[in-house]
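Here is a walk through a protein model, from its charged pairs to the empty space inside. Keep the structure open while you read, and turn it as we go.

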Amino acid sequence: MIITSLSKYLYPQIHTPNSNRLFYKKELLKVIMKDINIAKEKIKTVGFLDIDVDINLDLFAEIKRLKKEKNAIILAHYYQEPDIQDVADFIGDSLGLAQQAAKTNADMIVFAGVHFMGETAKILNPTKKVLLPDLKAGCSLSDSAPPDLFKKFKDKYPDHLVITYINCSAGMKALSDIICTSSNAQTIIESLPKDQKIIFAPDKNLGAYLNKKTGRNMVLWNGACMVHEIFSLEKIIKLKIRHPEARVIAHPECEEAVLNVADYIGSTTGLLNYSKKSDAKEFIVVTETGILHQMQKDSPDKIFIPAPPTTNCACNDCPYMKLNTLEKLYLCMEYELPEITMDEKLRIAAKKPIERMLAISAQYGL
């Protein structure tokens with residue numbers, strides 16, 4: 001495979017003897033001269049594989065340099081690893097990231113998140129280069145709603161308006177009337193006439209929570225996030241017994257049984273703001289563990305306990321979010337790959353429901 005062969009020479013180990021370095025240079029030149037176009041195409045679709053970055057390299061300084069040289073902005077989700085959050089220009093949830101992507105003046109957007117987030121940035125910025133450190137950073141919730149199957153489902157309800165959670169593919173967005181996030185979903189639903197029939201996709205747990213909050217009877221697509229579905233109600237209750245003063249704060253993508261024991265339910269940003277403003281000193285946090293980094297930075301005197309999953313695995317970490325690393329972030333900025341590209345017809349169709357979301361959010365001051 002071209003990428004594998006290229007990776008052998010692109011970053012020789014720092015302990016390589018001087019006598020072998022000429023060999024590496026010659027081999028690298030051969031690969032570049034013969035296969036550079038194929039290699040670039042592979043990186044676009046696969047990403048960097050097995051490339052060793054010099055351990056003596058100050059990645060924070062290098063990324064700062066690249067941002068300045070390339071007029072680049074790094075947008076990072078709260079679920080990214082702490083190092084990436086610390087080097088980002090903006091950290092936020094899906095709504096905040098979409099808003100930042102819509103208004104940036106940068107020439108290059110580096111999205112430290114998952115694939116649908118990079119797609120959203122490209123939809124809103126067709127003339128800008130949008131990069132994702134690892135193209136394999138997908139989303140279980142997005143994968144649970146294939147556009148072709150959803151189109152058949154949608155056709156059964158021709159008089160229904162489609163509100164789709166932003167955690168979905170560009171193809172799903174193109175089939176939607178309005179996009180929403182967990183921060184603005186309730187406001188968007190309540191902005192519509194009460195007799196308006198609605199399909200809500202793809203998250204069934206968020207949809208059920210919103211039905212309860214708004215008194216609606218939206219038709220729900222049967223999708224879910226694997227991280228938020230695996231939290232153990234039994235273990236959370238045991239934690240609560242051991243920490244009786246702790247507040248349970250949960251994301252609405254969790255199952256109803258877990259939400260029923262929560263003291264506060266909100267978006268990622270909502271959970272963060274609640275933890276800052278609350279008088280409580282301990283919190284059991286029922287969402288992806290990446291948010292704990294910002295919570296601890298904002299409230300160093302408070303204790304944040306990650307809610308445990310049903311098994312003994314680290315399943316309260318999103319495996320897709322954690323595919324991005326500081327090394328991959330540096331490499332994608334240095335080589336400006338992998339890049340998010342999109343068919344223009346699809347982009348235009350997907351942009352309309354996002355713009356409706358942004359307009360409603362602005363109208364209500366969100």
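Let's start with Lys129, which is partly exposed because its relative accessible area is 27%, and values from 20% to 50% get that label. Keep in mind that this is a predicted model. What does Lys129 form with Glu336? The two make a salt bridge, with the closest N and O atoms 2.8 Å apart. Lys129 sits in strand β4 (residues 129-131) and Glu336 in the loop between α17 and α18, so this pair links distant parts of the chain, 207 residues apart.

Stay on Glu336 for a moment. Glu336 counts as partly exposed too, at 24% relative accessibility. Its side chain also meets that of Lys70 in a salt bridge, at 3.3 Å from N to O. Here Glu336 lies in the loop between α17 (326-335) and α18 (344-363), while Lys70 lies in the loop between α3 (59-69) and β1 (72-77), so the pair ties together parts that are 266 residues apart in sequence. The general idea is one you know from the bench: side chains of opposite charge can pair when their charged atoms come close.

Now move along to Asp298 and Lys276, whose side chains meet in a salt bridge at 4.0 Å, N to O. Asp298 belongs to helix α16 (residues 291-298) and Lys276 to helix α15 (residues 268-277), so this bridge ties together parts that are 22 residues apart in sequence. How accessible is Asp298? Asp298 has 35% relative accessibility and counts as partly exposed. Lys276 is partly exposed as well, with a relative accessible area of 41%.

Some charged side chains join up in a network. Glu62, Arg65, Glu69 and Glu334 are linked this way by salt bridges. Searching the whole structure turns up 18 salt bridges.

For something without charge, look at the surface around Val261. Together with Ile237 and Ile241, Val261 forms a nonpolar patch there, and the three have about 260 Å² of accessible area together. You'll find Val261 in the loop between α14 (256-259) and β10 (264-265). Its relative accessible area is 32%, so Val261 is partly exposed.

Time to go inside. Rolling a probe the size of a water molecule over the atoms shows where empty space is left. How many cavities of 30 Å³ or more does the structure hold? There are 4 of them, and the largest has about 250 Å³ of space. Its lining takes in 28 residues, with Tyr79, Asn167, His228, Glu253 and Met321 lying nearest the centre. Two or more lining residues come from each of α5 (94-103), α6 (115-124), α7 (140-143) and α12 (226-229). Among the elements, α12 gives the most, with 3 residues. Sort the lining of this largest cavity by class and you get 14 nonpolar, 11 polar and 3 charged residues.

The second largest cavity holds about 50 Å³ of space. Its lining is made up of Ser94, Leu97, Ala98, Phe111, Phe116, Met117, Thr120 and Ile166. The elements giving two or more residues to this lining are α5 and α6. By class, the second largest cavity is lined by 6 nonpolar and 2 polar residues, with no charged ones.

Notes:
Residues numbered from 1 in each chain as written. Predicted model: local features only at pLDDT ≥ 70, side-chain atom pairs only at ≥ 80, totals over all residues. Heavy atoms only, no water. 1 Å grid on protein atoms, 1.4 Å probe; cavity = no way out; pocket = protein on both sides within 12 Å on 5 of 7 lines; lining within 4 Å. Points joined across faces, edges and corners; volume = space filled by probe spheres on them. Helix = DSSP H or I, 4+ residues; strand = E, 2+ residues; numbered from the N terminus. Nonpolar A, V, L, I, M, F, W, Y, C, P; charged D, E, K, R; others polar. Patch = residues over 30% accessible without salt bridge, like charges linked within 9 Å, V, L, I, M, F, W, Y side chains within 5 Å. Areas by Shrake-Rupley, 256 points an atom, 1.4 Å probe, with all protein chains shown as cover. Buried < 20%, exposed > 50% of the residue type's maximum accessible area, 1.4 Å probe, protein only.
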